Amino acid sequence: MTTTADRPGTTVADALLADGRIVHLRSAAAADRDELAAMFQTSSADALRLRFFAVPGPAVVATEVARLTRPRSADHAALVAVEVGRIVGVASYECGPDPSAAEFAVFVAEDQRGRGVGTVLLEHLAALAKMNGVSELSGEVLPVNSSMLRVARDMAAHARTDDEAQVVDVDLPTGARAAAISAADQRHRTAERLSLRPLLAPRSVAVVGASRTGGVGHQTLRALAEYGFNGTLFAVNPHADSVAGVPSVKSLRKLPGLVDLAIIAVPAAVVPEALREAGESGVRAAIVLSSGFGEAGEHGQALQAEAVRVAREHSMRLLGPNCLGLLNTDRSVRLNATFAGAPPVPGGLGVASQSGAVGISLLDHLARSGCGVSSFVSLGNKADISGNDLLAYWYDDPATKAVALYLESFGNPRRFARIVRDLSRRKPVLAVKSGRSAAGQRAGASHTAAAAAPDVAVDSLFAQAGVIRCDDLGELIDAARMLVGQPLPAGNRIAVVGNAGGVNVLAVDAAEAVELAVPAVSPELAARLGPAGQNPLDLGAEATPQTLQAALTAFAESGEVDAIVVVAAATRANDVPGMLTAAGEVFDAHPDLPAAGVVVGRWDVSHVAACPERPAYDLPERAIRAIGHAARYAAWLREPLGGPPILDGVDAPAAEAAVAAAGEGWQPADVVADLLRCYGIPQIAQATAISEDAAVAAADELGYPVVVKAAVPDLVHKTDVGAVRLNLTDARAVRQAYQLIATALDTAQPPVLVQPMALGPVELAAGVVHDPLFGSLVMLGLGGVLTDLLDDRVYRLTPMSDRDGRLMWRSLRAARLLTGYRGAPGVDTAAVEELVHRLGRLAADLPQVAELDLNPVVAGPDGLVVVDAKLRLATVGDEPDPYLFRLR
């Protein structure tokens, strides 16, 4: 939410209506009085009755307009929806005696109903109210006002009927609710798809800046014509009647009819004017190929902001600027609006790239490998259209079977996480996110924050959302070829069959690294395979297509493997195309069994035609990695989605009050203990002391042996400076420990904590770290002094599901320590899961928790206890809203 609450008339957000058109939402201002009055005055008596419960006179309308346009305050806000310069709706709330509750009202211009104006207004009004401390909006609605009741139902409002007053009371919580989020996501996907249709499936295209001899505009125009665009194509050039055989007009205003898409290739300085002309001519979408915008310093950033402003004013979606364009291979569209090289073959892969050069590389390698593309979009500077928009479009696109993304940044990763998780449940999503090495350079004071670099957040996001993260473009392409047009593996068991024993062994070696199993064959299968019957199976250098086909059939019919790798080494004595054709016949007969080929000694595209549905690779490791990605994605799909963890003993209001009273910075031990207590997190008993005598008294009361440690809030690594003393068995040892800590801290009377000595089979570390872009992450790892040494930790973004705790501890390399290793007792893993779920709830409730570091957490068969905790609080700034839909 853009916090412009104190500036009436400023923009709050740009959003999409149900029909895909753009609406501007801003504070109502005094200058809106006449237009608002006219909107009421030109509405029918029935429409006014639904809002006012009676037909209002001029005085009532004037009073309402004055209320709506008075300056925003703590107990009042009003938003207007503006489309192409016209106010089409207004929504407001007024607080009563209770500042946490407010009454809302919505009115939409009569000729604008049914487009989702009221829904968008109410969504943003609720978000604004929440930001101002309002937890619930309420309103009275007539039973005949079916459209308003439908809006309320979609937003998970509670409606109750008052028979005496003959109205329906509607109560709308301002906080996110699962049902409301799901309904909103569905609405937003529909709106996104409609808004992007003029871009990706236009009926008419005009290229602005298409010169007669060359340049980006000229080449893009030629690409459109040569690819056979199925709509109407125009060039816009004031000095030519035709360009490259395409009719040309002097300006967009001279076009004979409306145009869906304008492709703009003019100098950056005149792009805003070109967009204004496009908008005034009724153009619905624009691609700006020109550079010199956000990537070119302050002047370019200002130009880019102006370009977006103009596009939004005219309800136009904008791709770029500084982009390569886009492709849609659908035969009914045939749109090649790029200046890249040869277009790819049609297929099922949707591709988006933030980099034009990377996009060219992807298209080139996909074409070489025979992997078809449904659509390709070069995002450029992402001034408007982003990867989030495309994910929503591809969700319902029947031509797109899988999605591949090259990303350099996230605009709203929290929203991306929800969108991509929903898409991943329908079709595979693969991604390369650049910037791993630079992202690792993050300073953090605590163990938890030091390791939580932005790239860790990306890994967590992708893991939770089912995104297949690839290390490089080659791996992305390999995995995409495996996932487009093939069934997913039912498990992780593979067979390796071929005529090259050494390659077979390399494939088996690579399998372990990607969690694939190469199981031994059963006696029954061994009998069918013959004397050399085993897995991997070496058929010999002179293996014939018939021999290979028989072996593959035996494996396919055995039910003992979930995928097959076919190895074919080309020699003078064998027939590789024949072998792959024979393999294709086996897999045609077993369509539910995925497979990949490894072709050695003959790397060309002829093998693709021999076995078109199963990809072939030139190296065994590439094939194995691709199958590994497919198997892990299939395993993620088989897991239930999960729901919110059910936790008792949580006192969120008390925690919020404690945080509000604490202030910023590292917190003293009592504040930390109070916060953990609010969330039911078990802590070891402790006492604070500021002298030797007090430390001894505390130890006597707690019982020996004890631990004495410095109670300095901003001292994280106590062991490194000698500020923690363990296993103290008597008063003398406690006094000596206190003196040593005083010396280490160069303080005569340092505050210390005295705790009973806690021992357990496993020491864990857990915690929370807040990232302004990604939100809060929960960490679990091996604890004690091994935390930094072994770096064995996993993270999850909030909100967490009730299955994340189990997945977290099982993902640790040291997971076997938790279940018992070499006779050592295991720990209560249910308690470990509950700990991270409670931390997840704490993090979701309190984004002010910048760092919470619990280390060590001593875990044993009977539960766990937090031994040491550090907490830093910080003010939360303007951060992305994961639920509220708004354009960039």
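This is a short dialogue on reading several features of a predicted model.

Reader: Let us start with helices. How should I describe a packed pair, and at what angle do α6 and α11 cross?

Author: Two packed helices are described by the angle between their axes and by the distance between those axes. Here, helix α6 (residues 178–200) and helix α11 (residues 387–395) have axes that come within 8 Å and cross at roughly 95 degrees. That makes α6 roughly perpendicular to α11, because angles of 65 to 115 degrees count as such.

Reader: Which residues of α6 and α11 make the contact?

Author: On the α6 side you will find R189, E192, R193, L196, R197 and L200. From α11 come D389, L390, A392, Y393 and Y395. Sorted by class, the residues of this contact are six nonpolar and five charged, with no polar ones.

Reader: Now for the empty spaces. How many cavities of 30 Å³ or more does the whole structure have?

Author: A cavity is a space where a probe fits but cannot get out. The search of the whole structure gives three of 30 Å³ or more. The largest encloses about 230 Å³, and 21 residues line it. To find it on your screen, look for A669, Q686, L753, D868 and A869, the lining residues nearest its centre.

Reader: Which elements supply at least two residues each to the lining of that largest cavity?

Author: They are α24 (669–678), β32 (752–756) and β38 (869–873). Helix α24 gives the most, with four residues. The lining of the largest cavity divides into 14 nonpolar, four polar and three charged residues.

Reader: And pockets? What is the volume of the second largest one?

Author: A pocket, by contrast, is an open set of points. The second largest pocket has a volume of about 940 Å³ and a lining of 42 residues. V106, G118, S147, M148 and V151 lie nearest its centre. Several elements give two or more residues to this lining, among them α2 (45–52), β4 (86–95), β5 (101–108) and α4 (117–131). Helix α6, which we met in the contact with α11, is also one of the contributors to this pocket. By class, the pocket lining has 19 nonpolar, 12 polar and 11 charged residues.

Reader: What should I look for in a salt bridge, and how many are there?

Author: Look for a side-chain nitrogen of Lys or Arg within 4 Å of a carboxyl oxygen of Asp or Glu. By this rule the count is 46. A good one to inspect is the pair D14 and R312, with 2.8 Å from N to O. D14 belongs to strand β1 (residues 11–16) and R312 to helix α9 (residues 298–313), so the pair ties together parts 298 residues apart in sequence.

Reader: Finally, the backbone. Where are the cis peptide bonds at P705 and P856?

Author: Most peptide bonds are trans, and most residues other than glycine have a negative phi. A cis bond joins Y704 and P705, with omega about -5 degrees; P705 sits in the loop between α25 (692–702) and β30 (706–710). The bond from N855 to P856 is cis too, with omega near 5 degrees, and P856 lies in strand β36 (residues 849–860).

Reader: What about V84: is its phi positive or negative?

Author: V84 has a positive phi of about 50 degrees, although it is not a glycine. You will find V84 in the loop between β3 (76–83) and β4.

Notes: Residues are numbered from 1 along each chain as its sequence is written. This is a predicted model: local features need pLDDT of at least 70, side-chain atom pairs count only at pLDDT 80 or more; totals for chains, interfaces and linings use all residues. Side-chain values use heavy atoms; hydrogens and water are left out. Axes are lines fitted to C-alpha atoms, for helices over the stretch in contact, and angles run from 0 to 180 degrees between N-to-C directions. Angles under 35 degrees count as roughly parallel, over 145 as roughly antiparallel, 65 to 115 as roughly perpendicular and the rest as oblique. Contact means heavy atoms within 4.5 Å. Ala, Val, Leu, Ile, Met, Phe, Trp, Tyr, Cys and Pro count as nonpolar, Asp, Glu, Lys and Arg as charged, and the others, Gly among them, as polar. On a 1 Å grid over the protein atoms alone, a cavity is a set of points where a 1.4 Å probe fits but cannot get out, and a pocket is an open set with protein on both sides within 12 Å along at least five of seven lines; lining residues have an atom within 4 Å of a point. Grid points are joined across faces, edges and corners, and a volume is the space filled by probe spheres set on the points.
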